[in-house]
Amino acid sequence: MKDKIEKILKEVEDFSTDSLEKLEEFRIEYLSKKGKIPALFGDFKTVAAEERKEVGSILNTLKNNAQHKLNELKQIITLTNHTTDNEDIDLTRPVDFRNPGTRHPLSIVRRQILDIFSRIGYTVAEGPEIENDWHNFSALNFPEEHPARDMQDTFFISDDKTPSLEKIALRTHTSSVQVRVMESQKPPIRIVAPGRVFRNEAISARAHCIFHQVEGLYIDHNVSFADLKQTLYYFAREFFGEHTRVRFRPSYFPFTEPSAEMDISCNICGGSGCKICKYSGWVEILGCGMVDPNVLESCNIDSKEFTGLAFGMGIERITMLKYQIDDLRLFFENDIRFLKQFEGAL
Ligand code: DAH
């Protein structure tokens with residue numbers, strides 16, 4: 001019996017074919033109800049008790065090998081037939097790029113902003129989205145009772161009982177990255193920090209609880225307000241076009257002194273007045289100023305030796321102006337019809 005099984009085992013092993021008919025014959029001969037293998041299982045009754053274990057094991061191997069051979073050959077034959085017989089497949093046809101996908105407009109604009117600043121020596125810095133009070137507020141010269149720390153604006157992670165100076169929150173601006181960079185690097189420092197920020201605001205066409213900013217910081221000997229103006233003028237012309245004019249209005253931020261907001265001549269009407277600029281000819285694009293000496297000192301930078309400039313802009317705002325998008329929510333809905341309009345942009 002053992003010899004018989006081993007003989008068939010060899011036959012199964014040696015068998016090969018590329019025709020489905022031959023394969024079917026193989027199945028009938030070995031595996032069908034009246035085939036050789038079931039017949040051997042029938043004979044198994046006659047095997048002496050002491051040989052059963054060994055014979056049973058090779059008999060099982062035979063059955064498994066035959067089944068495996070059948071499956072394997074079937075797969076090979078159908079695959080080969082499919083590709084060789086099907087004349088509809090034209091392997092020389094170019095690939096169909098009907099749905100190539102697009103970059104998100106915020107990614108496009110973030111990249112453009114970083115590119116423009118990298119051309120004048122700024123490198124990219126990043127920081128965490130979950131921040132402590134020190135990096136988001138205290139080191140930036142926010143008084144402890146400043147309204148920006150209020151529950152209304154900030155998403156706190158630590159509970160109500162945590163003392164204000166130990167609180168953990170989602171960062172409300174990328175200015176927190178300034179602090180992290182100043183703590184870990186010595187001047188000269190020249191960075192732009194892009195990232196997501198969070199504020200506890202109701203979602204509308206003009207506001208969202210998540211948005212994106214790019215922060216800029218330059219610290220060295222003798223950095224002046226003239227450097228600030230020239231840097232941002234260069235940025236505005238590079239980004240919005242060479243005819244863009246800028247103006248600075250006095251403003252207030254705890255971390256800069258003096259502080260300003262920068263407007264550009266309306267990129268839609270060129271300054272003559274339209275709906276976008278509310279007929280003023282100007283649109284606000286960013287906040288900026290000279291780094292307050294208190295901020296430098298908080299980060300162990302000698303404010304008698306160094307001065308710095310800083311600026312911060314909202315990526316959504318700039319994208320809306322550039323592409324005339326009038327509803328902030330469009331950036332977060334991922335409606336294919338909206339995103340498709342940016343096809344091909346890098
Ligand atoms: N952090 C400010 C904000 O979120 C933006 C800003 C204003 C950043 C002035 C600056 C700056 O660096 O100098 O509204």
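Okay, let's start right at the ligand: one of its nitrogen atoms sits 3.0 Å from an N or O atom in the side chain of His173. Keep in mind that this is a predicted model.

Ser175 does something similar, with an N or O atom of its side chain 2.9 Å from a nitrogen atom of the ligand. Then there's Ala310, where the backbone comes in: an N or O atom there lies 3.2 Å from an oxygen atom of the ligand. And how much of the ligand does the protein bury? Out of the 350 Å² that the ligand exposes when taken alone, 89% gets buried.

Zooming out a bit, the shell around the ligand has 15 residues, and the closest are His173, Ser175, Arg199, Gln213 and Glu215. Which elements supply at least two shell residues each? That would be α7 (175-184), β5 (210-220), β8 (282-291) and β9 (307-314). As for the pockets, the space the ligand takes up is the largest one.

Next stop, Asp263, which you'll find in strand β7, residues 256-265. Buried or exposed? With a relative accessible area of 2%, Asp263 counts as buried because the cut-off is under 20%. Its side chain has a polar contact of 2.8 Å with the side chain of Arg247, and there's another one, also 2.8 Å, to the side chain of Arg249.

Last thing, helix α5. It covers residues 105-118, so to speak 14 residues, and reaches 20 Å from first C-alpha to last, close to the 20 Å expected at 1.5 Å a residue. Its buried residues include Leu106, Ile108, Val109, Ile113 and Phe117, and Gln112 is on that list too.

Conventions
Residues are numbered from 1 along each chain as its sequence is written. This is a predicted model: local features need pLDDT of at least 70, side-chain atom pairs count only at pLDDT 80 or more; totals for chains, interfaces and linings use all residues. Side-chain values use heavy atoms; hydrogens and water are left out. Helices (H or I, at least four residues) and strands (E, at least two) are DSSP runs, numbered from the N terminus. The expected span of a helix is 1.5 Å times one less than its number of residues. Buried means under 20% relative accessible area, exposed over 50%, partly exposed in between (1.4 Å probe, protein chains only). A residue is near a molecule or strand if one of its heavy atoms lies within 4 Å of it. A polar contact is a pair of N or O atoms within 3.5 Å; within protein, one must be able to donate a hydrogen and the other to accept it, and residues adjacent in sequence count only if both atoms are side-chain atoms. Accessible areas come from the Shrake-Rupley method with a 1.4 Å probe; for residues, only the protein chains shown count as cover. On a 1 Å grid over the protein atoms alone, a cavity is a set of points where a 1.4 Å probe fits but cannot get out, and a pocket is an open set with protein on both sides within 12 Å along at least five of seven lines; lining residues have an atom within 4 Å of a point. A molecule sits in a cavity or pocket if more than half of its atoms lie within 2 Å of its grid points.
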